[in-house]
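Work through the exercises below with the model open. Try each task before reading its solution.

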Amino acid sequence: MLKSKVTEEKVTLLSTNQIPIIDLAHCGTEECPIRSVVFRVGGQLLRALSEKGVALLVNHGIAEEKIKHAYGHLDDFCKLSDDTKEQYLRKDGNHGYVKPGQERFDGKTKDLRHTFNICTLKPEAPLPEEPLPGFREHISDLAKDFQRLSSLLLQALAVGLDRPCRYFLEKHSHILDGESENQSTFRLLYYPPLIVDDGQNELQRGTCHYSQQRCAKDEIDLSIPEDYKKRMAEEEENREAQYTRCGAHCDYGTFTLLVQDSEGGLEVKLPGTDKWKRVGHLPGAILINAGELLAVWTNEKIPALPHRVVIPQEETLMHRGRHSIAFFVHPDNCTDIVPMEMPSSSSSNSLDSIEKKPKNRKKSFKTAKTKIYNAYQHVQRRFKETYAS
């Protein structure tokens, strides 16, 4: 029984070949992309995000050593005194430090993680350079790497959707220029280990309960009563429901680029399914998942991906910290989010052929009228929900 449970927990979407892997080698640069490779990546990206909502990117050009160095910077920040960390707290906008428990995606469950949000790389941006010399230079350099990669992916995505190469790029021209222009965020994340301290820690798991049973017959009944099992399951569920590493949600923007260490915990719901699945870890790969605005833009052809980070069941993993970096790519604040006309499978790839269908245009326009809002309004509504408590 124990063996089968462990085996089941090791099964991931990656180990069962359910996550598309896209090779970005030879794509070129943001300024000079290689046309044939970008067209190939665009088709693969559209298919992966449409069918799975997620893909893994390899040969993306961002050095693993830079990422590990960034993990170290966040560790150093978390070791600072509470008074020092609170000088960098997220306040009026999204930029800054978020303490464990501040975010609650369902309004109740506390997210147990340290987060540092970076929304601008301008010199005046409050970053912990004074207590941590070198923080600004290294983190800014890494954030620019992610920004360049996202620009290349925006071009590939536009091509995959039969749009001009710069269709999305022009709507994301102020990434990391500050929250007054764009809500994109480079986010450092550290999930601390869960420590059991003789019942004093409220996160203690696996408490044992015993009861004495009088036997009414000669044979001893060693089975566990159903009502007892049900009660224990409810208690465990209620206890765990108070805390999580990251609650279930969809990202708000266009897409997210995510790197993570090998500790695990990330789970997703693939399109058309209701069951949470472990993603798995591919060393050196960057995960991309679609967000809510891209789903609206594409008339749900590309669905936003529900995901969460759970507290590991394995004792060895529970007592280890977890690191990740997420780059949330958002359109410029003033960008109106209007559903696009999506080509049907039988149509040609030219924009002219799409515009020759007045009935579809009329139907799409009626849908768009009910959904037109700008990128800033959408993300601010989501922030209010996440930080409402």
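The exercises cover two helix packings and one cavity in this predicted model.

**Exercise 1.** Determine how helix α2 and helix α5 are oriented, and describe their contact.

Solution.
- Step 1. Take the geometry. Helix α2 spans residues 35-51, and its axis lies 7 Å from that of α5, at an angle of about 75°.
- Step 2. Classify the angle. Angles of 65 to 115 degrees count as roughly perpendicular, so α2 is roughly perpendicular to α5.
- Step 3. List the partners. From α2 come Val38, Phe39, Val41, Gly42, Gly43, Leu45, Leu46 and Leu49. They meet Leu153, Gln155, Ala156, Leu157, Val159 and Gly160 of α5.
- Step 4. Sort by class. The α2 contact with α5 has 10 nonpolar and 4 polar residues, with no charged ones.

**Exercise 2.** Repeat the analysis for α3 and α5, and add the handedness.

Solution.
- Step 1. Helix α3 covers residues 64-78 and α5 covers residues 135-160. Their axes come within 10 Å and cross at roughly 135°.
- Step 2. This angle makes α3 oblique to α5.
- Step 3. The α3 and α5 crossing is left-handed.
- Step 4. On the α3 side are Lys66, Ile67, His69, Ala70 and His73. Facing them in α5 are Phe135, His138, Ile139, Asp141, Leu142 and Asp145.
- Step 5. By class, this contact of α3 with α5 has 5 nonpolar, 3 polar and 3 charged residues.

**Exercise 3.** Find the largest cavity and characterise its lining.

Solution.
- Step 1. Search the whole structure: 6 cavities of 30 Å³ or more turn up.
- Step 2. The largest cavity has a volume of about 380 Å³.
- Step 3. It is lined by 31 residues, of which Arg187, His249, Asp251, His307 and Phe328 are closest to its centre.
- Step 4. Elements giving two or more residues to this lining include β6 (185-191), β8 (246-249), β14 (322-329) and α11 (375-386).
- Step 5. The lining of the largest cavity divides into 15 nonpolar, 11 polar and 5 charged residues.

How values were computed: Residues are numbered from 1 along each chain as its sequence is written. This is a predicted model: local features need pLDDT of at least 70, side-chain atom pairs count only at pLDDT 80 or more; totals for chains, interfaces and linings use all residues. Side-chain values use heavy atoms; hydrogens and water are left out. On a 1 Å grid over the protein atoms alone, a cavity is a set of points where a 1.4 Å probe fits but cannot get out, and a pocket is an open set with protein on both sides within 12 Å along at least five of seven lines; lining residues have an atom within 4 Å of a point. Grid points are joined across faces, edges and corners, and a volume is the space filled by probe spheres set on the points. Helices (H or I, at least four residues) and strands (E, at least two) are DSSP runs, numbered from the N terminus. Ala, Val, Leu, Ile, Met, Phe, Trp, Tyr, Cys and Pro count as nonpolar, Asp, Glu, Lys and Arg as charged, and the others, Gly among them, as polar. Axes are lines fitted to C-alpha atoms, for helices over the stretch in contact, and angles run from 0 to 180 degrees between N-to-C directions. Angles under 35 degrees count as roughly parallel, over 145 as roughly antiparallel, 65 to 115 as roughly perpendicular and the rest as oblique. A crossing is left-handed if the near helix is turned anticlockwise from the far one by less than a right angle, and right-handed if clockwise. Contact means heavy atoms within 4.5 Å.
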